[in-house]
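Student: Could you take me through one part of this model in detail? I would like to look closely at its aromatic rings.

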Amino acid sequence: MTTKEMVYIALFAALIGVLGIIPPIPLGFIPVPITAQTLGVMLAGCFLGRKMGALSLVLFIVLIAIGLPLLTGGRGGFSVLVGPSAGYILSWPIAAYLIGYFVEKIWSKLALWKVIAINILFGVIFVSLIGAPVMAIITNTSVWAGLVGSTVFLPGDCLKAVIAAVIAVQLNPVSPIEEKTKGA
């Protein structure tokens, strides 16, 4: 791994932490707040690619686990990783990997609508399908109730998917994915 790759990984872990400064929107009927951090997850995948995107989220989760208050509301520590948000947070590296994998596959024929579709599929639907059942199990409610409750995230997450796709497509000439395809 090159120094440049390590810098990208650390930079995106920091970016996701900065997105945690934006105050969460708590919901009365579901214990997981609406946050801006999933924007960073999708950006990491579609800008950095599968390997660096996933590693930036692994680093972010390690930083949370050791107690840094990087999640919205200044939350951090191992307890967050076993609480209602655990499934969502732990799905982030996998989501970034999947987003990066499929964006790399379409890189030579990059189109905004394709990146939006990939972000919605893996950054919105996949994260919800992992996070909501885990939240339901931890809060001792039915999985169906967790999935129905998580639908409140869909409009905002779809907007974040579009924003991440627009940013990634606009920045594609400077993306590490572009560097890999030129070097290959």
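Tutor: Happily; here is a walk through the ring pairs and the residues that form them.

This is a predicted model, in which local features need pLDDT of at least 70, side-chain atom pairs count only at pLDDT 80 or more, and totals for chains, interfaces and linings use all residues. Residues are numbered from 1 along each chain as its sequence is written, and side-chain values use heavy atoms, with hydrogens and water left out.

Rings of Phe, Tyr and Trp (its six-membered ring) pair if their centres lie within 6.5 Å; planes under 30 degrees apart are stacked, over 60 edge-to-face, and the rest tilted. Six aromatic pairs come out of this rule. One of them joins Tyr8 and Phe47, edge-to-face, at 6.3 Å centre to centre with 70° between the planes. This pair links distant parts of the chain, 39 residues apart: Tyr8 belongs to helix H1 (residues 3–19) and Phe47 to helix H2 (residues 37–48). Helices here are DSSP runs (H or I, at least four residues), numbered from the N terminus. Tyr8 and Phe47 are buried, meaning under 20% relative accessible area with a 1.4 Å probe, protein chains only.

Phe47 also pairs with Phe12: their centres are 5.7 Å apart and their planes at 20°, so this pair is stacked. Here too distant parts of the chain are linked, with Phe12 in helix H1 and Phe47 in helix H2, 35 residues apart. Phe12 is buried, as is Phe47. Taken together, Tyr8, Phe12 and Phe47 are linked into a cluster by ring pairs.

Notes: Helix = DSSP H or I, 4+ residues; strand = E, 2+ residues; numbered from the N terminus. Buried < 20%, exposed > 50% of the residue type's maximum accessible area, 1.4 Å probe, protein only.
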